[in-house]
Amino acid sequence: MPGLDEVLHYLNGIYLLLKQKQEGFGWLDLTWRGLVRSFWAFAWCLPALAVTWASWRLYYLSRMPAETQVGPDFFVKLAFVDLIGWLLPLALLAVLARPLGYGKYLAVVVTTGNWLTVPLCYAFAVPFALTLVLPTSAPLAGLLIYAVLGASVILQFRLVWMCVGKQTLLAAAMTAIYVLPPMIIGQELQRLLGTLPG
C-alpha cells in the first residue's frame with residue numbers, strides 16, 4: 001500500500017494537471033505497476049467514506065419507523081455500493097476503449113482518475129461530517145453536496161482533458177462515463193439492498 005508521502009507526491013501531480021501543467025505527469029507513476037497501485041486509492045478513501053456512511057445511517061434511521069435498527073451489514077452494503085460506483089466506470093471505459101479509439105490513453109486516465117478520487121472523497125465527506133456534528137445543518141449540507149458534485153465533474157473533466165491530449169469531445173464523453181453510471185446504478189443498488197429509506 002502506498003505510504004502518505006507517496007500519495008501526497010501523486011496528488012501534487014494531480015494538482016498540477018488540474019492547473020493544466022504538463023509537468024504534473026512527471027509526478028505520477030504511469031507504468032503498469034503504477035496503474036495497479038493506484039487502486040489503493042480506495043483504501044485511502046475509507047476514513048472519508050466511513051464518515052459518509054455514518055451520516056447516511058443517521059439519515060436512514062430518521063426516515064424510518066422508530067423501532068428500525070441497522071447492523072454492520074448496513075455498512076457492508078454501503079461499501080459495496082461505493083465500490084461498484086468506483087469500478088463500474090472503469091469497466092465501461094475499458095470496454096469502450098477500442099470502439100471509441102482511446103485505448104492508448106486508458107491507463108493514464110484510470111491512474112490519474114483513481115488518485116483524484118482521494119481528495120474528492122474527502123471533499124464529499126465534509127458536508128456529511130457537518131450533519132454528524134450539527135444534525136440541524138442538513139439543508140446547508142445538501143447545498144454543499146451539490147456544490148462538491150459540480151466541482152468534481154469540472155475537475156474530472158479537466159483531468160481527463162489533460163490525459164487525452166486536450167481533446168474536448170473525448171474528454172466530455174469519458175467524464176460522462178465517470179459521472180452518470182455510478183449515479184444511476186448506485187441509487188438502484190441502494191434501493192435493491194434496502195439502504196434507501198422508505
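The residues that line the largest pocket divide into 30 nonpolar, 13 polar and two charged. The model is a predicted one. The space in this largest pocket comes to about 1900 Å³. Its lining holds 45 residues, and those closest to the centre are Asp82, Phe124, Phe128, Ile145 and Gln190. Several helices take part. The elements that give two or more residues to the lining are α3 (41–62), α4 (72–100), α5, α6 and α7 (168–193). Helix α3 gives the most, with 10 residues. Rolling a probe the size of a water molecule over the atoms shows where empty space is left.

One of the residues closest to the pocket centre, Gln190, belongs to helix α7. Gln190 has a relative accessible area of 16%. This value is under 20%, so Gln190 counts as buried. Beyond its neighbours within four places in sequence, Gln190 is in contact with Trp56, Leu78, Val81, Thr195 and Leu196. Trp56 falls within the range of α3 (41–62), while Leu78 and Val81 fall within that of α4 (72–100).

Leu189 is also found in helix α7. Its relative accessible area is 15%, and Leu189 is buried. Apart from neighbours within four places in sequence, Leu189 is in contact with Phe80, Val81 and Ile84. Val81 is thus a contact of Leu189 and also of Gln190. Leu189 and Gly85 are 104 residues apart along the chain, yet 9.7 Å separates their C-alpha atoms.

A third residue of helix α7 is Ala171. Ala171 counts as buried, at 0% relative accessibility. Residues up to four places away in sequence aside, Ala171 touches Phe157, Val160, Trp161 and Val164. Ala171 and Leu8 lie 163 residues apart along the chain, and their C-alpha atoms are separated by 25 Å.

Attention turns next to helix α6. This helix spans residues 138–163, and Gln156 is found in it. Gln156 has a relative accessible area of 9% and is buried. The polar class includes Gln, so Gln156 is a buried polar residue. Gln156 touches Gly113, Leu116, Thr175 and Tyr178, with residues up to four places away in sequence not counted. Of these contacts, Gly113 and Leu116 fall within helix α5 (residues 103–133), whereas Thr175 and Tyr178 fall within α7 (168–193).

Met162 also has its place in helix α6. Met162 counts as buried, at 3% relative accessibility. Not counting residues up to four places away in sequence, Met162 touches Leu17, Gln20, Lys21, Gln22 and Phe25. Leu17 falls within helix α1 (residues 4–18). Met162 and Pro72 are 90 residues apart in sequence, and their C-alpha atoms are 41 Å apart in space.

Helices α1 and α5 meet as well. The axes of α1 (residues 4–18) and α5 (residues 103–133) come within 10 Å and cross at roughly 100°. Angles of 65 to 115 degrees count as roughly perpendicular, and α1 and α5 are therefore roughly perpendicular to each other. On the α1 side, the contact is made by Val7, Tyr10, Leu11, Ile14, Leu17 and Leu18. On the α5 side, Thr112, Trp115, Leu116 and Pro119 take part. By class, this contact has nine nonpolar residues, one polar and no charged. Two of its members recur elsewhere. Leu116 is also touched by Gln156, and Leu17 is also touched by Met162.

Two loop residues have unusual backbone angles. Most residues other than glycine have a negative phi. Gln20 has a phi near 65°, a positive value in a residue other than glycine. Gln20 lies in the loop between α1 and α2 (32–37). Its relative accessible area is 36%, and Gln20 is partly exposed. Gln20 is also one of the residues that Met162 touches.

The other case is Lys166. Although not a glycine, Lys166 has a positive phi of about 60°. Its place is in the loop between α6 and α7. Lys166 is partly exposed, with a relative accessible area of 43%.

Definitions and conventions: Residues are numbered from 1 along each chain as its sequence is written. This is a predicted model: local features need pLDDT of at least 70, side-chain atom pairs count only at pLDDT 80 or more; totals for chains, interfaces and linings use all residues. Side-chain values use heavy atoms; hydrogens and water are left out. Helices (H or I, at least four residues) and strands (E, at least two) are DSSP runs, numbered from the N terminus. Buried means under 20% relative accessible area, exposed over 50%, partly exposed in between (1.4 Å probe, protein chains only). Contact means heavy atoms within 4.5 Å. Axes are lines fitted to C-alpha atoms, for helices over the stretch in contact, and angles run from 0 to 180 degrees between N-to-C directions. Angles under 35 degrees count as roughly parallel, over 145 as roughly antiparallel, 65 to 115 as roughly perpendicular and the rest as oblique. On a 1 Å grid over the protein atoms alone, a cavity is a set of points where a 1.4 Å probe fits but cannot get out, and a pocket is an open set with protein on both sides within 12 Å along at least five of seven lines; lining residues have an atom within 4 Å of a point. Grid points are joined across faces, edges and corners, and a volume is the space filled by probe spheres set on the points.
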